[in-house]
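Trainee: Hi, could you walk me through this one? I'd like to start with how the strands go together.

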Amino acid sequence: MVAGAAAPRTAVPTTAPAPAESNPAGDIPDDQAFVAYHSDRGGFTVKVPEERSRTDAADGAVTFTDKPTP
């Protein structure tokens with residue numbers, strides 16, 4: 001190397017930014033909050049997304065559905 005000459009530069013590979021996620025309808029986002037639902041009759045607890053609507057049937061069946069979007 002010659003005195004006073006700049007050192008050769010090495011190319012640094014760059015990465016492209018991650019593409020925006022394209023989630024299908026009904027997909028649960030990564031930051032979704034969940035709430036616990038406990039069934040006294042069934043003796044179990046499940047966590048469901050907090051925005052889900054719950055319907056209790058007379059026969060004891062429970063259904064969780066997406067709330068309609070306005």
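Mentor: Happy to. One term before we begin: two strands count as paired if DSSP finds at least two bridges between them. Also keep in mind that this is a predicted model.

Trainee: Got it. So how many bridges join β1 to β2, and do they run parallel or antiparallel?

Mentor: β1 and β2 run antiparallel, and six bridges join them. To place one on screen, go to Phe34, whose bridge partner in β2 is Pro49.

Trainee: And what sits between the two strands?

Mentor: Four residues, which makes β1 and β2 a hairpin. Have a look at Gly43 in the turn, with its positive phi of about 70°.

Trainee: Let me zoom out for a second. How many helices and strands are there in the protein?

Mentor: Zero helices and four strands. Reading along the sequence gives the pattern β-β-β-β.

Trainee: What share of the residues is buried?

Mentor: Buried residues make up 7% of the 70 in the protein. As for the surface, about 6,400 Å² is exposed, and carbon and sulfur atoms supply 55% of that.

Trainee: What about contacts between residues far apart in sequence, what fraction do they make up?

Mentor: Taking the contacts with a separation of 6 or more, 9% are between residues 24 or more positions apart.

Trainee: Back to the hairpin, then. What does the His38 side chain reach?

Mentor: The His38 side chain comes to 3.2 Å from the backbone oxygen of Phe44. There is also a polar contact of 3.3 Å between the side chains of His38 and Asp40. Leaving out residues up to four places away in sequence, His38 touches Gly43, Phe44 and Thr45.

Trainee: Is His38 buried or partly exposed?

Mentor: His38 is partly exposed, because its relative accessibility is 44%. For orientation, His38 is in strand β1, which covers residues 34-39.

Trainee: And Ser39, what does its side chain reach?

Mentor: That one goes to the backbone nitrogen of Gly42, at 2.8 Å. Ser39 is in strand β1 too, but Ser39 counts as buried because its relative accessible area is 10%.

Trainee: Is there a general rule about where side chains point along a strand?

Mentor: Yes, in a regular strand the side chains alternate between the two faces of the sheet.

Trainee: Switching topic: how many aromatic pairs did the count come to?

Mentor: One aromatic pair. Tyr37 and Phe64 form it, edge-to-face, with 5.3 Å centre to centre and 75° between the planes.

Trainee: Which parts does that pair tie together?

Mentor: Tyr37 lies in strand β1 and Phe64 in strand β4 (residues 62-65), so the pair ties together parts that are 27 residues apart in sequence.

Trainee: Are those two residues buried or partly exposed?

Mentor: They split. Tyr37 counts as buried because its relative accessibility is 13%, whereas Phe64 is partly exposed, with a relative accessible area of 27%.

Trainee: Nice. Now the charges: how many salt bridges turn up in the whole structure?

Mentor: Two. Arg52 forms one with Asp66, and their closest N and O atoms are 2.7 Å apart. Arg52 lies in the loop between β2 (44-49) and β3 (53-56) and Asp66 in the segment after β4, so this pair ties together parts that are 14 residues apart in sequence.

Trainee: And which side chains meet in the salt bridge at 3.1 Å?

Mentor: Those of Asp56 and Arg54, with the distance taken from N to O.

Trainee: How exposed are these charged residues?

Mentor: For the pair with the loop residue, Arg52 is partly exposed at 26% relative accessibility, and Asp66 is partly exposed at 46%. For the other pair, Asp56 counts as partly exposed at 47%, and Arg54 is partly exposed at 45%.

Trainee: Last one, the stretch before β1. What does Gln32 touch?

Mentor: Apart from residues up to four places away in sequence, Gln32 touches Pro49, Glu50 and Glu51. With Glu51 there is a side-chain to side-chain polar contact of 2.7 Å. Gln32 is in the segment before β1, and Gln32 counts as buried because its relative accessibility is 17%, under the 20% cut-off.

Definitions and conventions
Residues numbered from 1 in each chain as written. Predicted model: local features only at pLDDT ≥ 70, side-chain atom pairs only at ≥ 80, totals over all residues. Heavy atoms only, no water. Buried < 20%, exposed > 50% of the residue type's maximum accessible area, 1.4 Å probe, protein only. Contact = heavy atoms within 4.5 Å. Polar contact = N/O pair within 3.5 Å; in protein donor to acceptor, adjacent residues only side chain to side chain. Phe/Tyr/Trp six-rings, centres within 6.5 Å; stacked < 30°, edge-to-face > 60°. Areas by Shrake-Rupley, 256 points an atom, 1.4 Å probe, with all protein chains shown as cover. Salt bridge = Lys/Arg side-chain N within 4 Å of Asp/Glu carboxyl O.
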